[in-house]
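Please report on the backbone, burial and packing of the chain shown here. Keep it brief, and put like items in a table.

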Amino acid sequence: MYPKRLIHQAISNPDFPVVETKYGKLRGTWTDDCFIFRGIEYAKARRFHLPEEPDCWEGVKAAVAYGPVPDEISTRIPGDAFTEPHYWYPQSEFCQNLNVWTPSIDRDRKLPVMVWIHGGGQEHGSAIEISAYDGEELAKWGNVVVVSVNHRLNVLGYLDLSSYGEEYQDSGYVGMMDLVQSLKWVRENIRSFGGDPENVMLFGQSGGGFKILELMQMPTADGLYHKVSIHSGTGKDTCFTHENAAPVARDIAEYLGLTKESIREIETIPYYQLAKATNYAYDRFIERTGARLQWTPPVDNEKFFGNPQIEGVQFREETKQIPMLAGSVLGEFTSSCHHNDQIGDIDTWSQETVEALLKERYGVYADDILEQFRKAYPDKGAANALYVDVFMRKPHRNLCRMRADQGCGPTWNWIFAMDMPCYGGSTPWHNADEAYIFHHAEYFESEYIPGVSERVQDEMAGTLVAFAYTNNPNHTGLPQWETVTKDRFPTMVFDRKSEVRYNHDEKLIDLVEKAGALGPGGKGPVRTYGGGPRAHV
């Protein structure tokens with residue numbers, strides 16, 4: 001029996017709540033029927049080396065404060081902290097820590113475990129960067145264990161120094177191997193937090209979704225998770241090999257004055273110097289390739305088999321049957337909340353204004369796109385047709401179809417299309433779904449619609465919870481939702497009235513892409529996975 005307490009009182013006593021892990025005892029906090037353990041060290045590591053198990057300790061260690069978050073080359077400042085509230089925290093390369101929210105610390109409960117992998121590409125972000133990442137409400141409402149993970153990013157996580165000697169053969173993988181080590185920690189310790197190590201679901205948004213796809217292509221992660229949910233985080237990206245990653249390492253070493261003989265000094269130089277060298281390498285990469293550097297582990301068909309959406313790459317046989325959810329947001333980076341300028345509330349624009357803006361963005365395709373938008377989203381105003389995302393929507397569609405074509409396990413597709421109330425009415429943006437997924441939209445002023453948000457977050461969070469429990473997202477309150485097949489493409493459209501539609505936006509997306517309008521005015525948005533354009537240190 002747990003001790004008695006007042007409602008809403010937070011308890012963290014020397015002897016309660018305390019759990020026993022493989023490495024020692026941890027003391028957390030108990031509040032509102034949720035046990036919270038923050039900043040738990042799951043690994044330790046030298047710079048550019050693989051993570052190792054953490055040290056054991058005597059007595060009881062406090063786990064009541066968040067641990068340090070990953071070092072960033074430049075810390076992203078969101079363009080609008082109203083629509084995307086952020087939380088900044090001290091950074092460190094020694095950031096291998098995780099957080100646990102759970103309704104029970106009974107080892108026999110065996111609750112589903114939902115491991116959140118944060119966005120920001122593989123360059124930015126943290127497990128607590130965005131306020132919506134807090135797992136307390138989801139853990140309580142869904143009766144699940146929620147875990148969020150920090151790991152090494154950018155140059156610290158993915159710089160491939162293999163050309164500098166055997167000692168650094170794994171340096172390009174250490175960011176992803178941190179995630180693998182965190183999943184090993186979950187497997188070995190989560191029962192102490194009421195979780196079931198044989199029922200682990202990965203879910204992640206933006207760069208977090210992309211990392212989940214990468215984990216599926218890494219044999220070292222096999223058996224550590226049992227289902228995945230990918231949100232606004234897929235698509236073709238940089239395909240590094242040891243050969244084409246080597247020039248990045250050479251540029252950084254050159255800037256720092258390091259040679260093959262002195263390369264070990266790179267482990268101890270101050271991080272700000274390494275960050276400056278990395279910005280130098282970014283510029284050189286653009287000069288060589290014309291593209292922005294996107295950090296990924298090198299493809300070697302041993303440690304990492306590559307993004308399955310790159311031509312010629314398939315899902316590994318070991319992960320083909322993993323059940324998958326995959327979805328995105330109607331507006332993503334093109335949302336009207338990012339591009340209102342001086343125009344104002346899109347729901348009050350005149351027909352003439354909408355027609356003029358449609359022609360400005362889509363040119364000769366404007367009329368056909370508006371026709372297809374009205375078919376795809378018959379309850380939405382015509383102005384929303386200006387902000388249709390292709391950048392995330394198309395690769396998510398392709399991913400689902402690819403899995404059907406390759407005979408993979410069940411795959412369900414969704415899109416979050418509900419207009420947001422901020423700025424007098426906006427299409428939902430990249431990250432807008434997170435408050436609904438984590439079941440606390442009422443705490444976000446830019447997104448909360450009284451009497452509507454409560455139902456929609458029940459539907460969206462309920463989808464993930466049902467998936468975590470049963471490997472199937474169908475649950476009471478939603479219409480029956482089928483998997484994607486070679487012949488049928490059902491999409492659950494989460495909106496004021498959620499419903500399943502079949503191939504509803506295929507012609508629309510193809511027309512928008514044909515018009516070359518990835519963003520307003522025909523300009524494609526910067527590909528950031530939530531990371532934002534860099535700034536020099």
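Pro 17 sits in the segment before β1 (18-20). A cis peptide bond links Phe 16 to Pro 17, with omega about -5 degrees. Helices and strands here are DSSP runs, numbered from the N terminus: H or I and at least four residues for a helix, E and at least two for a strand.

This is a predicted model; local features need pLDDT of at least 70, side-chain atom pairs count only at pLDDT 80 or more, and totals for chains, interfaces and linings use all residues. Residues are numbered from 1 along each chain as its sequence is written, and side-chain values use heavy atoms, with hydrogens and water left out.

**The chain as a whole**

The chain has 13 helices and 16 strands. Its radius of gyration is 23 Å, close to the 24 Å of the globule rule for 537 residues, so the chain is as compact as a globular protein of that length. The radius is taken over C-alpha atoms, and the rule is 2.2 Å times the number of residues to the power 0.38. Along the principal axes, the C-alpha atoms fill a box of roughly 70 × 65 × 45 Å.

Of the 537 residues, 62% are buried. Buried means under 20% relative accessible area, exposed over 50%, and partly exposed in between (1.4 Å probe, protein chains only). Contact means heavy atoms within 4.5 Å. Among contacts in the chain with a separation of 6 or more, 76% are between residues 24 or more positions apart.

The charges number 53 positive and 75 negative, and their mean positions are 3 Å apart. Lys and Arg count as positive, Asp and Glu as negative; His and the chain ends are not counted. Each charge is placed at NZ of Lys, CZ of Arg, CG of Asp or CD of Glu.

**Helix α10**

Helix α10 covers residues 393-405. Its 13 residues should span 18 Å at 1.5 Å a residue, and the end C-alpha atoms are indeed 18 Å apart. The expected span is 1.5 Å times one less than the number of residues. Buried residues of α10 include Arg 393, Pro 395, His 396, Leu 399 and Met 402. What do the buried residues of α10 pack against? The partners are α4 (207-216), β12 (227-231), β13 (324-329), β14 (411-416), β15 (490-494) and α13 (506-514). After α10 comes Gly 407, with a positive phi near 70 degrees.

**Two buried residues**

Leu 224 lies in the loop between α4 and β12. It is buried, at 3% relative accessibility. Beyond its neighbours within four places in sequence, Leu 224 contacts Val 180, Leu 183, Lys 184, Arg 187 and Val 200. Leu 202 is 22 residues from Leu 224 along the chain, and their C-alpha atoms are 9.7 Å apart.

Ser 336 belongs to helix α7 (residues 336-339). Its relative accessible area is 0%, so Ser 336 is buried. Outside four places in sequence, Ser 336 touches Ile 346, Tyr 387, Gly 425, Ser 426 and Thr 427.

**Positive phi outside glycine**

Asn 154 and Tyr 423 are set out below.

| Residue | Phi | Place | Relative accessible area |
|---|---|---|---|
| Asn 154 | near 45 degrees | helix α2 (residues 154-158) | 0%, buried |
| Tyr 423 | about 55 degrees | loop between β14 and α11 (434-437) | 39%, partly exposed |
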